[in-house]
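Reader: I would like to learn how to read a model feature by feature. Where should we begin?

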Amino acid sequence: MNRFARRAFFLSALLAATAGAQAAELTVVLQDVRTQTGLIKVALVDSQAGWDGKALPVQATGAPPSGEQATFVFKDLKPGAYAVLITHDENGNGQLDTNMMGMPVEGYGFSNNPRVMRKPTWDEARFELVGEATHIDVALR
């Protein structure tokens, strides 16, 4: 192997190791699941645009409920600011149902569990993902 090939190999190995070291994992534990029907949907966003629905989530997942708690894991994340939006489509119609006043009648939750009578702002729900593994609890409302 010539000198150039050795340097290129070393540099690519170093970059691969550095990229892997920066990957983080987020575990979201959802509390207070009140019904065992439908689908729980979880979206992870990393910007104001994502929070406002003007950009796609970084990752999204969903699962049928199975008990009063549900756990969702997001892998290979870059450190930075994120927020989580959760809806429980209890009747499986593909949307979060609301009453005549516009208040949700199905379960929902946000990172940081802000106690507001509206959708929280990006700043109220965002958190910093800094380590290799972060765990947050979200209460379903």
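Author: Begin with the fold. The protein has three helices and eight strands. Keep in mind that this is a predicted model.

Reader: In what pattern do the elements follow along the sequence?

Author: Read them in chain order. The pattern is α-β-β-α-β-β-β-β-α-β-β.

Reader: How much of the protein is made up of buried residues?

Author: The protein has 141 residues, and 34% of them are buried. Buried here means under 20% relative accessible area.

Reader: Next, empty space. What is the general idea?

Author: A probe the size of a water molecule is rolled over the atoms, and this shows where space is left empty. Take the closed kind before the open kind.

Reader: How many cavities of 30 Å³ or more does the structure hold?

Author: One. The largest cavity has a volume of about 50 Å³.

Reader: Which residues line the largest cavity?

Author: The lining is Gly109, Phe110, Asn113, Pro114, Arg115, Ala139 and Arg141. Sort that lining by class and you get three nonpolar, two polar and two charged residues. Glycine is counted as polar in this scheme.

Reader: And the open kind? What volume does the largest pocket have?

Author: The largest pocket holds about 300 Å³ of space. Its lining has 16 residues. Nearest the centre of the pocket lie Leu85, Thr87, Leu96, Tyr108 and Phe110. Phe110 also lines the largest cavity.

Reader: Which strands each supply at least two residues of the pocket lining?

Author: Strand S2 (39–45), S5 and S6 do. For orientation, S5 spans 80–89 and S6 spans 108–110.

Reader: What is the class make-up of the pocket lining?

Author: Eleven residues are nonpolar, one is polar and four are charged.

Reader: Now the outside. Which residues make a nonpolar surface patch?

Author: Look for nonpolar side chains that sit together at the surface. In this model, Met101, Met103 and Met117 make a patch of about 380 Å². Take Met103 as the example. Met103 is in the loop between strand S5 and strand S6. Its relative accessibility is 31%, so Met103 counts as partly exposed. A patch residue needs over 30% relative accessible area.

Reader: On to charges. How should I think about salt bridges?

Author: Side chains of opposite charge can pair when their charged atoms come close. The search of the whole structure finds four salt bridges.

Reader: How far apart are the closest N and O atoms of Arg118 and Glu124?

Author: They are 2.9 Å apart, and the two residues form a salt bridge. The cut-off is 4 Å.

Reader: Are Arg118 and Glu124 buried or exposed?

Author: Neither class fits. Arg118 is partly exposed, because its relative accessibility is 44%. Glu124 has a relative accessible area of 28%, so Glu124 is partly exposed too.

Reader: Which residues are joined into one network by salt bridges that share partners?

Author: Build the network up pair by pair. Asp123 and Arg126 meet in a salt bridge, at 3.8 Å from N to O. Arg126 also meets Glu128, at 3.4 Å from N to O. The shared partners therefore join Asp123, Arg126 and Glu128 into one network.

Reader: How exposed are Asp123, Arg126 and Glu128?

Author: Go through them one at a time. Asp123 counts as exposed, because its relative accessibility is 57%. Arg126 has 33%, so Arg126 counts as partly exposed. Glu128 is partly exposed as well, with a relative accessible area of 43%.

Reader: Now the backbone. Which residues other than glycine have a positive phi?

Author: Asp32 and Asp76 are among them. Phi of Asp32 is near 70 degrees. Asp32 sits in the loop between strand S1 (24–31) and S2. Asp76 has a phi of about 55 degrees. Asp76 lies in strand S4, residues 70–77. At 66% relative accessibility, Asp76 counts as exposed.

Reader: Last, a contact across the sequence. What separation do the C-alpha atoms of Ala49 and Trp122 have?

Author: Read two numbers together: the gap along the chain and the distance in space. Ala49 and Trp122 are 73 residues apart along the chain, and their C-alpha atoms are separated by 9.2 Å. Ala49 is found in helix H2, residues 48–51. Ala49 is partly exposed, because its relative accessible area is 32%.

How values were computed: Residues numbered from 1 in each chain as written. Predicted model: local features only at pLDDT ≥ 70, side-chain atom pairs only at ≥ 80, totals over all residues. Heavy atoms only, no water. 1 Å grid on protein atoms, 1.4 Å probe; cavity = no way out; pocket = protein on both sides within 12 Å on 5 of 7 lines; lining within 4 Å. Points joined across faces, edges and corners; volume = space filled by probe spheres on them. Patch = residues over 30% accessible without salt bridge, like charges linked within 9 Å, V, L, I, M, F, W, Y side chains within 5 Å. Areas by Shrake-Rupley, 256 points an atom, 1.4 Å probe, with all protein chains shown as cover. Helix = DSSP H or I, 4+ residues; strand = E, 2+ residues; numbered from the N terminus. Buried < 20%, exposed > 50% of the residue type's maximum accessible area, 1.4 Å probe, protein only.
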